[in-house]
Amino acid sequence: MTTHLALLRGINVSGHNMIKMEALKTTLEAIGFQNVQTYIQSGNVFVDTDEENPAAVGFKIKQEIFKVFGHEVPIVVIGKLDLEACLNNNPFLKEKDFDIKKIYVAFVSTTLRSDSINDLKISQFKPDEASIDGNKIYIKYAIGAGKTRFDQKYIEKKLNVTATIRNWNTVTQLLQLFEER
């Protein structure tokens, strides 16, 4: 069995794409996923399956959500190693006086080239900062996530990927949940 973490984008936000986590859990169990566990209402779902391919797991979940709930929900599926890499490789955690509330991670659907940072044209969002590491973009917002145009929609458009962003507290909590499984 392989444990995957499906990060659903854009559910239960401002009354849109409403899905109760208990209903999602039941739905995913009904199609064969085991040990289904959700974390907060924003769409973080752990599943165990014999399927090792994260993209196949994401596709299966996406299809079932559309079939049962009628919502087209972008999904990025990651593993424990992705979350551990966040902890070990986030350059903003190495700074002396970082504000944890301004640190985020964008998880993307594919591995990015190291020069993809140029495609983001992050300099136009100064003083916001970003750094790419494989399928993750570490972000440090100067003011906060709600007051920037450097968001998931911008990332998706510039890099032609599916992306979903989580704040640092959620990332660390998800890693803890992975370790408890």
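A pocket here is an open set of grid points with protein on both sides within 12 Å along at least five of seven lines, and its volume is the space filled by probe spheres set on those points. By that yardstick, the second largest pocket of this predicted model comes out at about 320 Å³. Its lining takes in 16 residues, and A55, I75, V76, V77 and S109 sit closest to the centre. Two elements, α2 and β4 (75-78), each put two or more residues into that lining. Of these, α2 is the top contributor, with five residues. Sorted by class, the lining of the second largest pocket breaks down into eight nonpolar, six polar and two charged residues.

The largest pocket holds about 600 Å³ of space. It is lined by 23 residues, with R9, Q152, T164, I165 and R166 the closest to its centre. At least two lining residues come from each of α5 (152-159) and β8 (163-167), and β8 gives the most, with four. As for chemistry, 11 of the lining residues of the largest pocket are nonpolar, seven are polar and five are charged.

Turning to the helices, α1 spans residues 21-30, and its buried residues are M21, L24, T27 and L28. Looking down the axis of α1, these residues stay within an arc of 120 degrees, so they line one face of the helix. The face turned away from that buried side carries the exposed residues E22 and A30. Cover for the buried residues of α1 comes from several elements, including β1 (2-8), β2 (34-39), β3 (44-49) and α2 (54-69). Just past the end of α1, G32 adopts a positive phi of about 105 degrees.

T27 deserves a closer look within helix α1. Its relative accessibility is 10%, so T27 falls on the buried side of the cut-off, which is set at under 20%. A polar atom of the T27 side chain lies 2.8 Å from the backbone oxygen of A23. Leaving aside residues up to four places away in sequence, T27 touches E64, V68 and F69.

Helix α3 (residues 80-89) can be read in a similar way. Its buried residues are D82, L83, A85 and C86. Around the axis they cover an arc of only 155 degrees, and therefore they sit on the same side of α3. L81 and N88 are exposed on the other side of the helix. The packing partners of the buried residues of α3 are β1, β4, β5 (103-108), β6 (129-133), β7 (136-140) and α6 (168-180).

In helix α6, L177 is the residue to pick out. At 9% relative accessibility, L177 counts as buried. Along the chain, L177 and Y39 are 138 residues apart, yet their C-alpha atoms are separated by 8.8 Å. Y39 is also one of the residues that L177 touches, together with Q37 and F46, once residues up to four places away in sequence are set aside.

The backbone has a few oddities to check as well. One is a cis peptide bond, which joins K126 and P127 with an omega of about 15 degrees. P127 belongs to the loop between α4 (116-120) and β6. Another is I40, which has a positive phi of about 50 degrees despite not being a glycine. I40 is in the loop between β2 and β3, and its relative accessible area of 40% makes I40 partly exposed. N160 likewise is not a glycine but has a positive phi, in this case about 55 degrees. Its place is the loop between α5 and β8, and at 72% relative accessibility N160 counts as exposed.

Note on methods. Residues numbered from 1 in each chain as written. Predicted model: local features only at pLDDT ≥ 70, side-chain atom pairs only at ≥ 80, totals over all residues. Heavy atoms only, no water. Buried < 20%, exposed > 50% of the residue type's maximum accessible area, 1.4 Å probe, protein only. Arc of directions from axis to C-beta. Contact = heavy atoms within 4.5 Å. 1 Å grid on protein atoms, 1.4 Å probe; cavity = no way out; pocket = protein on both sides within 12 Å on 5 of 7 lines; lining within 4 Å. Nonpolar A, V, L, I, M, F, W, Y, C, P; charged D, E, K, R; others polar. Polar contact = N/O pair within 3.5 Å; in protein donor to acceptor, adjacent residues only side chain to side chain.
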